[in-house]
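Hi everyone, thanks for letting me take this slot. Let me put the structure up, and then we'll walk through it together.

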Amino acid sequence: MSKPLTKIFALVLALAACQTYTSEAAAQQSDTGGSAAGDFGPPQGDPIQAVLTSAPNVPPPVNRDYPAKVIVDMEVRELDMEISEGVTYTFWTFGSTVPGSFIRIRQGDTVEFHLKNHPDSKMPHNIDLHAVTGPGGGATSSFTAPGHEAVFSFKALNPGLFVYHCATAPVGMHIANGMYGLILVEPPGGLPPVDKEFYVMQGEFYTVGKYREKGHQPFDMQKAIDENATYVLFNGSEGALVGDNAIKANVGDTVRLFVGNGGPNLVSSFHVIGEIFDKVFQEGGSRYQENVQTTLIPAGGSAITEFRVEVPGTLIIVDHSIFRAFNKGALGMLKVEGADNLAVYTGKEVDNVYLGDKVMANELSIVSDIAEAQRSGMVTKEQQIQAGMVLYNGTCSVCHQQNGEGLEGIFPPLANSDYLMADQRRAVEIVLNGLSGPISVNGVPYSSVMPAMSQLNDDEIANILTFTLNSWGNEGGVVTSDEVAGIRAATERPEGAAD
């Protein structure tokens, strides 16, 4: 075949392939028509009171074939709540939760929105719903002083999953304090049925104190401006989606996650460890991508993910900007129950590397219980040992093992360790500043590297070391948070270590 004929033949094949892909895509994802096709006339029937739910719960499907007038009642509350074990924060909330209540309506509905600001609030608030076609998304019509109520209406012209948030100045501060949520506008035919639906929303928080520093933590405006988040969380707290609060499904279920990102600054790299998204409706729109591992969700954006769970176990939900998961709190769990399917997967149920201290999430309240005692100097040795065990299992056990035996020839044992017991101050310095071998433990040489763990708080280091000093045949001892703080102040961190 001549070169000109070869080129023509290749062009014909390429055009045919393009046409085939286009027709398949069109069959898969029909055009919704946008806002111009979203007005289905005036509301029909009696007004409907919207069902609002708190994360991770989702209201039931709309199941209507006509547009209605939907009344949404929402109250703003400013509440002191736990952001991490032993750490409280003053959240500004829609509906008393972070994220705010989930709203579910139908394309073409007319929404009558009632926004109340509780009399105890210190600040005025409003709401900007990204589902609104109109100036400010409703913000200009909903400015509400404490003890007052604002009412406005809008018609939902576009289907999709939309973020809402407060837009009162300073806007970033209101969002950073937890004022965001999701509103789902179903297409006229609704969404395909699935077995389980859940509401997950990421947001970051900027506190004066360090990550997991105990006590009440105020908002830090400079950290927020610098985009240096202390916490990056799902559903408003470290404990929101772990342990007993994990979302649950059964083998064979199809799961739909309505995922939002309140921001105010960071883009989410949303990922479920141990699953692949069968479908992702990117940016909360009508079109979907298939077989996706990780999806980007912008600040002020959303996504709908769908997948079928094939095997039992704990699937870990993370922001795959991975330091956020393990050092800022962006970690949740989907616990799947049912029969093993060894043809699909064989493996152990719990993986300390991924679960960290959430392995013993039901016991993390121990850490919270001693926080006040540590601040007052009244903590007992037994309390420190209990809290230290929880923290050790999530921080140290991967290398040193849960039984303290280490790994022969690689990581030295902490059990019956002459090296550990010889110098308590040295033990604190090693945790804070790291250690690079060689050393001798119980007469056996080791030459490995322990990285500086100075990102841990003083009380966390004190509790971990008190636990190890009193476990596995060691002779005992107590390390106090004041002792760790003094050594931290008196020694220099190695280059690249946390402060």
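Let's start with one pair of residues: A249 stands opposite V336 in strand β21. Keep in mind as we go that this is a predicted model. A249 belongs to the pairing between strand β13, residues 247-250, and β21, where the two strands run parallel over four bridges.

Now look at the other neighbour of β21. Strand β20, residues 313-319, pairs with β21 too, but in the antiparallel sense and over six bridges. Here's something fun: V336 turns up again, as the bridge partner of G313. So what does "pair" mean in general? Strands of a sheet pair through backbone hydrogen bonds, either parallel or antiparallel.

Is β21 mostly covered or mostly open? Mostly covered: five of the seven residues in β21, which runs from 331 to 337, are buried.

Let's zoom out to the sheet around it. We have five strands in an open sheet, and the order is β13-β21-β20-β15-β18, with mixed pairing. At the edges sit β13 and β18, the latter being residues 294-297, and each of those pairs on one side only. From one strand to the next, the twist averages 20°. Further along that order, strand β15, residues 268-273, runs antiparallel to β20, and four bridges join them. If you want a pair to click on, I273 has I316 in β20 as its bridge partner.

Okay, next sheet. This one is also open, and it has six strands in the order β12-β10-β14-β19-β16-β17, again with mixed pairing. Which strands are at the edges? They are β12, at 231-234, and β17, at 288-292, and each pairs on one side only. The twist here averages 20° from one strand to the next. Inside this sheet, strand β16, residues 277-281, and strand β19, residues 301-308, pair antiparallel over three bridges. One place to look is V280, whose bridge partner in β19 is T305.

Now I'd like to show you strand β9, residues 180-186. All seven of its seven residues are buried, so β9 is largely enclosed by the rest of the structure. Before we look at its faces, one general point: in a regular strand the side chains alternate between the two faces of the sheet. In β9, one side has Y180, L182, L184 and E186, the other has G181, I183 and V185, and every one of them is buried, which leaves both faces covered.

Who does β9 pair with? Strand β4, residues 103-106, runs parallel to β9, joined by four bridges, and I103 has I183 as its bridge partner there. Strand β8 pairs with β9 as well, in the antiparallel sense over six bridges. Within that, G160 stands opposite V185.

While we're on β8, residues 160-165, find V163 in it. Is V163 buried or exposed? Its relative accessibility is 2%, and the cut-off for buried is under 20%, so V163 counts as buried. Leaving out residues up to four places away in sequence, V163 touches D128, L129, H130, G181, L182, M201, N261, G300 and G301. Also, V163 and I183 are 20 residues apart along the chain, and their C-alpha atoms are separated by 6.3 Å.

Let's switch to helices. Take α8, residues 381-395. With 15 residues at 1.5 Å each, α8 should span 21 Å, and its end C-alpha atoms are 20 Å apart, which agrees. Several of its residues are buried, among them Q384, A387 and L391.

Two packed helices are described by the angle between their axes and the distance between the axes. For α8 and helix α12, residues 458-469, the axes come within 7 Å and cross at roughly 100°. An angle of 65 to 115 counts as roughly perpendicular, so that is what we call α8 and α12. On the α8 side the contact includes K381, Q384 and Y392, and on the α12 side it includes E460, I464 and F467. Sorted by type, the residues in this contact are eight nonpolar, six polar and two charged.

Last, the whole protein. It has 13 helices and 25 strands, and of its 499 residues, 49% count as buried. And among contacts with a separation of 6 or more, 70% come from residues 24 or more positions apart.

That's my tour, thanks for listening!

Terms used. Residues are numbered from 1 along each chain as its sequence is written. This is a predicted model: local features need pLDDT of at least 70, side-chain atom pairs count only at pLDDT 80 or more; totals for chains, interfaces and linings use all residues. Side-chain values use heavy atoms; hydrogens and water are left out. The expected span of a helix is 1.5 Å times one less than its number of residues. Buried means under 20% relative accessible area, exposed over 50%, partly exposed in between (1.4 Å probe, protein chains only). Two strands pair if DSSP finds at least two bridges between them. Axes are lines fitted to C-alpha atoms, for helices over the stretch in contact, and angles run from 0 to 180 degrees between N-to-C directions. Angles under 35 degrees count as roughly parallel, over 145 as roughly antiparallel, 65 to 115 as roughly perpendicular and the rest as oblique. Contact means heavy atoms within 4.5 Å. Ala, Val, Leu, Ile, Met, Phe, Trp, Tyr, Cys and Pro count as nonpolar, Asp, Glu, Lys and Arg as charged, and the others, Gly among them, as polar.
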